[in-house]
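Reader: Could you walk me through the empty space in this one, the open kind and the closed kind? I'd like the definitions spelled out too.

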Amino acid sequence: MNTATTTPTRMTGLTAFARFTGPIRPKRAVVVLLYLVLAIVPGDLGALTRSLFTDAFTQVSVFVAATLLLFYGSERLFHFDMGTFLSKSKFWQVPVASLLGATPGCGGAVIVVAAYSSGNVGMGALVATLTATMGDAAFLLIATRPEAALVVLPISLVVGVASGWLVDWLNPMPATNPIGHCEIAPKIGKTRLRDWTYCLIVLPGLIVGGAQLAQIELTHVLGLPITPIACLGVGVGLLIWMVSPVNAMTNPSDAPVTRAAEETSFITVWVLAAYLAYDYAAAYAGLDLHQWFQTIAPLLPLIAIAIGFVPGCGPQVLVCTLYINGAIPFSALIGNAISNDGDALFPAIALSPKAAVVATIYSAIPALVVAYGFYFLAPNFMN
């Protein structure tokens, strides 16, 4: 009798889990399992991992999700397709792509990456948006040093436009894009429970992230501790990614909530990797980036530019923090702002590795010119 009552209960639980998740992708499941093991392991390693999960969620994921919801929601509300608009913009394609890149956060740049993968924009637009974007570090700079942000963001925008036009002049957009839109963006259909769950968890995370940008430390939000909320958000995102049929970018016909949940989850996986790799190295290998900046002054812009090549926003937020604290000069900040591609580089690498590498190399050239221009001609500017 116990068996008769227990078995259906177990099957009901498994069925509910399957409905929430869906068919598991084995290779992704291994990555998710590794993340979860690192988070629950006892001692300092587990505590550090959970802290990094919290930082990744509140500093990056919530802003990516909010920006994507804004863009995709606007497209749906006003029946506006940014990809189609960009494809028809011709002369204005590069400036619009650069403007999207210069938008704080990574959502605008991610949209241009999606447009490139669909064949709607050329290499010039891709270079423009990756050059102009400062990623999530822009939120921090705006909140703490708005006068510096008023210089960095316009310079990045102008450099992005100039770089994009130059690339298109040297390498015009091909007639077709070999990647193929339908293959990388299968249609998911109706909005699922997991999508609503993830976006609901983003809301308190966004409150915490906004407070952090305003230099306000919150230990609780909505009466709940921050770490469990953030770890829950990361966990749901990992589940979404583990069963997702999407490689990186979603189908434009899907609902904004679904697209935001899917794409943010994909980016978060890479952001976690960057956060963990950097902080594990700092905690267990003695890496001290601050000391590097203090002892090798002429190489500061070059080091900051090199850090900009690291995918994700975590290292770039660190560079911005060092500038805010007076550890590095403005020349290093502007070099990093131009060279870094933010979280948009993750889907770019996944969808078109060659294009991502080429675009990153292209962005390095103006970053060197502008950074060392400030270093030699205006060494004390905005310091």
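Author: Here is a look at the pocket first, then the cavity, then two spots outside them. This is a predicted model, where local features need pLDDT of at least 70, side-chain atom pairs count only at pLDDT 80 or more, and totals for chains, interfaces and linings use all residues. Residues are numbered from 1 along each chain as its sequence is written, and side-chain values use heavy atoms, with hydrogens and water left out.

The largest pocket has a volume of about 540 Å³. Of the 25 residues lining that pocket, Q59, L140, V317, L318 and T321 are the closest to its centre. "Pocket" here is an open set of points on a 1 Å grid over the protein atoms alone, with protein on both sides within 12 Å along at least five of seven lines; a lining residue has an atom within 4 Å of a point. Points are joined across faces, edges and corners, and the volume is the space filled by probe spheres set on them. At least two lining residues come from each of α3, α8 (137–144), α11 (193–213), α13 (256–284) and α16 (314–324), and α16 gives the most, with six. Helices are DSSP runs of H or I with at least four residues, strands are E runs of at least two, and both are numbered from the N terminus. By type, the pocket lining splits into twelve nonpolar, nine polar and four charged residues. Nonpolar covers Ala, Val, Leu, Ile, Met, Phe, Trp, Tyr, Cys and Pro, charged covers Asp, Glu, Lys and Arg, and the others, Gly among them, are polar.

Now for the closed kind: a cavity is a set of points where a 1.4 Å probe fits but cannot get out. There is one cavity of 30 Å³ or more, and the largest holds about 40 Å³ of space. Its lining includes V113, Y116, L126, P347 and L351. α6 (107–117), α18 (345–351) and α19 (353–377) each bring at least two residues to that lining, which has eight nonpolar, two polar and no charged residues.

Outside those spaces, two loop residues are worth a click. F78 sits between α3 (44–77) and α4 (82–89), and is exposed at 58% relative accessible area; exposed means over 50%, buried under 20%, partly exposed in between, with a 1.4 Å probe and protein chains only. L222, in the loop between β1 (220–221) and β2 (224–225), is exposed too, at 68%. The phi of L222 is near 55 degrees, a positive value in a residue other than glycine. Most residues other than glycine have a negative phi.
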